[in-house]
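Please open the model in your viewer and keep a selection tool at hand. The stops below go from the whole chain to its interior and then to a patch on its surface.

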Amino acid sequence: MNNKRGLSFGEKLLLLFACCLTLLCAYLYVNNKQLQSFLLPESDETLTAVGSLKVKTGKIQRETLNDSVFNEIAQNAILYNNDLILTSKESSAVLKLNDDGELNLSPNTMIRLNQESVKDNTGLYKTYKIEVLTGEVFAKSNAKDEKTKVFLKS
């Protein structure tokens, strides 16, 4: 209750908490951050690297397993298993896979990277299954290892 002295200690504490919460929300909104990124640590150790973004023109975005939104990625960024990669209508990208193969993404393209390890009678080999959701993708294999395969699925 208000009296002639002003706000009580509890009311001042509640007002301070509300101000801090408002500033935190404003920071998250302006910087396009999620509260989850502060509460849960980034777990890149659980992600399997499958390649990198070799060349990019325009805005290239990605959604990892740990994220629920698309974030812009920089050139030479590491790409992980099950990443969704998205190019805008004025952009294109060249992805370099770990086996030295390349994927050329045209404008307005969305793909999901998927790497599987399969064992046959001659040993273990890796298979890249690239799910093309929209757009055009051109694959180029420079693999020195004959046990690596790339499959495009649309």
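Accessible areas here come from the Shrake-Rupley method with a 1.4 Å probe, and for residues only the protein chains shown count as cover. With the whole protein chain selected, the accessible surface comes to about 10500 Å², and 57% of this belongs to carbon and sulfur atoms. This is a predicted model, in which local features need pLDDT of at least 70 and side-chain atom pairs count only at pLDDT 80 or more, while totals for chains, interfaces and linings use all residues. Residues are numbered from 1 along each chain as its sequence is written, and side-chain values use heavy atoms, with hydrogens and water left out.

Next, colour by secondary structure, where helices (H or I, at least four residues) and strands (E, at least two) are DSSP runs numbered from the N terminus. The protein chain has two helices and 12 strands, and along the sequence the pattern reads α-α-β-β-β-β-β-β-β-β-β-β-β-β.

Now select Leu95, which touches, among residues over four places away in sequence, Leu53, Leu79, Ile85, Leu103 and Ile111, including contacts to Ser52 and Lys54 as well; contact means heavy atoms within 4.5 Å.

Finally, turn to helix 1 (residues 9-30), where Leu24 lies. Is Leu24 buried or exposed? At 35% relative accessibility, Leu24 counts as partly exposed, since buried means under 20% relative accessible area, exposed over 50%, and partly exposed in between (1.4 Å probe, protein chains only). Of the 154 residues of the protein chain, 27% count as buried.
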